[in-house]
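This report walks through a structure shown below, beginning with a metal site and then turning to the packing of the chains. Please keep the sequence and the structure at hand while reading.

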Amino acid sequence: MKSEKAKVKTAFKNTITRRFSLLILAVCLVAPFSVAFSQTVKVEPKVVVAPLKQKTKIERKSVRRSIGTETSAEKSIAVDAKVNVSLCVREGILKINGWERNEIRAFVVGGSEVGFKVQQKNKQNDKAVWVMVTGSDPAKNKTVNSEECLSGEEIELDVPRGAAVNVKSRTSETTIQAVRRAVVKNIGGDISLNNIEQGINAATYQGDVTVENSGGAITLESANGNIVAFDIAPSEIGDIFKAKTNSGAISLQRIEHRQAEINSNSGSIKFAGEFQNGGQYNFGTQVGTISLAIPEKSSCKINALYGYGKFNSELKLAIITEDESSKAQRLVATIGGGDANVNLTTYSGAILIRKQ
Amino acid sequence: MTDKCFDIGTMQAFLDGELAAEMTETVARHVAACDECACLLAESEEESALTFSALEMELNALVPTQRLWTKINDSIAREKKSFWKPILAFLLQPQTAAFASLIFVAVLSVTLLSLKPNAPTNYVAQTGEIQQKTIQPIAKNQLSPPAQTPLLLPEEKNTETIKSVQNKAEYRAAKTAYVRPEKVLTDAKSRDTKSDALVPAVRENSGNILGEESYIKTIATLNTTVANRKDEILSPSARFAFERDLAVTDDAIARMKLEVRRNPKNEAAKQILRASYQNKIDLLNSVADKTELMASLD
Ligand SMILES: [Zn+2]
């Protein structure tokens, strides 16, 4: 039995890593072809389908080399204070900043042109309430697709503080601050949001998401990157805070939402702060550690399911049920008065509760 | 992503399982974030002269244990608990139970490496075949037979999670290929009859969790989408992380299923099983969503 086990263990270890690396090798071999293939089909040489790091670097360089001769593009337009701004970015560093004027100013260095396409106007004051910022100027070239994406070394936008911005991008480092609402979807690139008052929906597939000092309903997603959020509050009753990543870590501090859904597959989750009275919090991982750092005087009911994992609390628990015998371990307990509901679910990760 | 890369020697040691547990973890974590190292890992794999035949041999070497696995499962079904207790203990060791994920990865790599345009059909066929061979009792009850799984694709509320897929034509084509074997059953009525026929069989088994069918269906649909696109969608490092997370999640599903079957009253196991299904859907969805976003930016 023993030798059998050992054999199985080694065989498993070897096979599983080999299987992985064979897969990866296949990807390494196939990726360049698929890039080449898509390029020949689409005849759009700037578009990189598989965002391989090397490829991106090369592209950046070529942009930089031509920067000396390239002119920058700048444009502005008067808009409504609560304007919706949509744009897509092919590549470049994107910065969007809220300012006190009811005007959008767009500035692109070393890249595409810039233009505005007014999609909708306010009937009372005739000001634009929905504007698309495009990579070509519809005023200049009417034949060119006016919905073209922006690209450049640096893309900067100033928008009214009351603006709701909606960004889609291929590879872009995105920074947005001081606007009312932000929706950002990046294929690759970090997203950093600051001072967004009434709601965020941010997703990146390769990169980190950082949010600070913001409010509203919040949804943050990253496939492989980390999620960091601190000083976040709801703007209305019922606003939910959601954060989800596959293999990244999630770190949250001072989240004042009464409802939160936090999930990571293999990454860890750290929550530091208070649970609100009557709040509902769900934390889940497959194998990652869930650690809570909460005040000693906390009042919550803990419902922990930890499969093959472990549970450890520095805080005093009043245990209601505990089952450590089965293959799906479970613990239900209260801390203090038990006001907030805290569900912790992991398959084989550890659950740790610490004093803040 | 910022920690430094590993040399080929470390990769070799990693592959040979010679690194300390902590180091193994570090390497795996790094490879999941670094394309260069993901490729280096694959290359050093090559250098260690591991060919497909060697892989084949490894798989064959595992067969006796798989037979044991099947046997044990059969016996559990027959409820001869006392006799099988020691074997169960062995079965629930991590290394043994991890076979589910091993098999899954094996199937994946076979599918991937074959790289045929009609991959989805192959994929289903192979999955069904292998799973029935190895973890038969589970496969029989929890997974519908290969041809039937895809038949019940839409209509279920959980299919909401399936985001519209970028290449609609391709997706539809995949779907058609999926349903083709049962194309005779086109009108809604005969389809209903067909699904009704399936339902009681599933309900009989008290070891099923509520809504399990729809989880499985959702996963089957997403699997098709993802299997078709992940090569071009994921970079080598992202791919490594994806496959690793998927293997871990599949392992969890297999083990929790087993526990729920063994003890249908274990609510904790049911909840962890449900969470694991949801995690798998999220994992697949992240690839499907990325596919969709990339298409919208073309
Ligand atoms: Zn590296």
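How are the donor residues of the zinc ion spaced in sequence? They follow the pattern C-x24-H-x3-C-x2-C, in what should be read throughout as a predicted model.

## The zinc site of chain B

The zinc ion is held by the SG atoms of C5(B), C34(B) and C37(B) together with NE2 of H30(B), at 2.1 to 2.3 Å. The angles among these four donor atoms run from 92 to 118°, and the site is tetrahedral; for comparison, the ideal angle for four tetrahedral donors is 109.5 degrees. Two of the donor residues can be placed with respect to the surface: H30(B) counts as buried because its relative accessible area is 3%, under the 20% limit, and C37(B) is likewise buried, at 2%.

An unreviewed UniProt entry annotates residues 11-38 of chain B as "domain: Putative zinc-finger". In the model this span is 71% helix and 0% strand, and its end C-alpha atoms lie 10 Å apart.

## Chain B as a whole

Chain B contains 14 helices and zero strands, so that reading from the N terminus one meets α elements throughout. Of its 298 residues, 54% are buried. When contacts between residues at least 6 apart in sequence are considered, 75% of them join residues at least 24 apart.

## Nonpolar cores

The largest nonpolar core comprises 69 residues, and F241(A) and F283(A) are the members with the most contacts inside it. Strand β1 of chain A, residues 73-99, gives the most to this core, contributing nine residues. Apart from it lies another core, of 36 residues, which includes I219(B), F242(B), V260(B) and Y277(B).

For F283(A), the contacts beyond its neighbours within four places in sequence include I262(A), I269(A), F271(A) and F275(A), as well as I290(A) and L292(A). The list also takes in V342(A), N343(A), L344(A) and T345(A).

## Parallel strands in chain A

Strand β12 (residues 227-233) and strand β14 (residues 250-255) of chain A pair in the parallel sense over five bridges, and within this pairing F230(A) has Q253(A) of β14(A) as its bridge partner. Strand β14(A) also pairs in the parallel sense with strand β16 of chain A (residues 269-272), here over four bridges. In that second pairing L252(A) stands opposite F271(A) of β16(A), and F271(A) is also one of the residues in contact with F283(A).

## Two further positions in chain A

Is L315(A) buried or exposed? L315(A) is buried, because its relative accessibility of 5% falls under 20%, although its place is in the loop between β20 (310-313) and β21 (318-323). Leaving aside neighbours within four places in sequence, L315(A) contacts I294(A), P295(A) and E296(A), and also I335(A), I353(A), R354(A) and K355(A). Its C-alpha atom is separated by 9.2 Å from that of S298(A), 17 residues away along the chain.

F107(A) lies in strand β2 of chain A, residues 103-109, and is partly exposed because its relative accessibility is 22%, a value between the limits of 20% and 50%. Not counting residues up to four places away, F107(A) touches S72(A), A73(A) and E74(A) as well as E154(A), I155(A) and E156(A). With A73(A), which is 34 residues away in sequence, the C-alpha to C-alpha distance is 5.7 Å.

Conventions
Residues numbered from 1 in each chain as written. Chains lettered and ligands numbered in written order. Predicted model: local features only at pLDDT ≥ 70, side-chain atom pairs only at ≥ 80, totals over all residues. Heavy atoms only, no water. Donors = N, O, S within 2.8 Å, 3.2 Å for Na, K, Ca; no water. Tetrahedral: all angles 85-135°; square planar, octahedral: opposite > 155°, others 65-115°. Buried < 20%, exposed > 50% of the residue type's maximum accessible area, 1.4 Å probe, protein only. UniProt positions renumbered as here; feature names shortened; annotations may be inferred. Helix = DSSP H or I, 4+ residues; strand = E, 2+ residues; numbered from the N terminus. Core = buried A, V, L, I, M, F, W, Y, C linked by side-chain atoms within 4.5 Å. Contact = heavy atoms within 4.5 Å. Pairing = 2+ DSSP bridges.
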